[in-house]
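Trainee: I am new to this structure and would like a close look at a single part of it. Could you take me through one helix, slowly and in context?

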Amino acid sequence: MNAALSGSMEQMDGTTVTACERCPELCDSRSRIVNGVGPEDADIVFVGEAPGATEDERGEPFVGRSGDVLDEALRDVGLARADVRITNCVRCRPPENRDPTDEELNNCRPYLDRELERIDPQIVVTLGKVPSEHVLGRSVGITSEAGRIEDVRIGGRSHRVLLSVHPAATLYDRSQRDTFEETIATAADLGGSGGSGGQARLGDY
Ligand code: SF4
C-alpha cells in the first residue's frame, strides 16, 4: 500500500470516512462527509457521483428527487432502500454542484475501493456517466450502454458492474424511464439471490 493510500485509510473506520481533508475545495463547500448507507453485507451496491445539496444537508446519498426515483424503481422490483447499499464516488459536495475533478475522484477512490472490498456485493450498479467512467476507467456513452454488465477489477477483487443512467435523467427525459427501470430489474435479478444481504424479493413472501 502506498503512503497516500495508507494515510487515507487511517481516516476510515470500517466503511465510514471519519475525517478527511484531501480535497480543499470540497472541504470548503461541504457541511459534512456523506458516507455510504445500507447493510455492510448488501448484495447490491449503487454508486453515484457526489452528494448534492440535499444529500449534504441530510448526510445521506441519493435523497431528494433522485432518491425518490431510485426508491420507487426499487419498490417496483420488490426491494426496499434499506436492503441495498448506496454510496458515491466522492463523499463531499462539490461547489455549485459541479462535476468532481479527476483529482478529487482519485483522492476519494481508496475509500470507495475499501467499501466495495468489505461489502463484496453480487453486483455494483453505477448511476450515471461519471461513476460509470470512474469505475470502468474508460469513456462511456451511458445512454447507449445502460444495462451493460462488465467484470471490473476493483481493489483486489473482480466485481460485476452494471451501468445505469442516472435516476434524475428520468425526470428530464421520460424516454429514459424504461431504461432505468429495466436496469434496476436486472440489478435485482443479479443481486437477488438471497443470503444474508437481505435481498430476498419482497414478492417472495
Ligand atoms: S471527497 Fe473524499 S477524498 Fe475528498 S475530502 Fe471528501 S472524503 Fe476526502
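Mentor:

**Helix H5 and its surroundings**

The largest nonpolar core has 48 residues, and those with the most contacts inside it are Ile44, Val45, Phe46, Val47, Cys89, Val124 and Val125; such a core is a set of buried Ala, Val, Leu, Ile, Met, Phe, Trp, Tyr and Cys residues joined through C-beta atoms within 7 Å. H5 gives the most to this core, with 6 residues, where helices (H or I, at least four residues) and strands (E, at least two) are DSSP runs numbered from the N terminus. This is a predicted model, in which local features need pLDDT of at least 70 and side-chain atom pairs count only at pLDDT 80 or more, while totals for chains, interfaces and linings use all residues. Residues are numbered from 1 along each chain as its sequence is written.

Among the buried residues of H5 are Leu105, Cys108, Leu112 and Ile119, buried meaning that 20 or more other C-beta atoms, placed from the backbone, lie within 10 Å of a residue's own. Leaving aside neighbours within four places in sequence, cysteine 89 is in contact with residues including Leu105, Cys108 and Leu112, contact meaning C-beta atoms, placed from the backbone, within 7 Å.

At cysteine 108, shortly before proline 110, H5 has a kink of about 40°, the bend being the angle between axes fitted to the seven residues ending there and the seven starting there. Just after H5, aspartate 120 takes a positive phi of about 45°.

H5 also gives the most to the shell around the ligand, with 3 residues.

Conventions. A residue is buried if 20 or more other C-beta atoms lie within 10 Å of its own, exposed if 12 or fewer, and partly exposed in between; C-beta atoms are placed from the backbone. Two residues are in contact if their C-beta atoms, placed from the backbone, lie within 7 Å.
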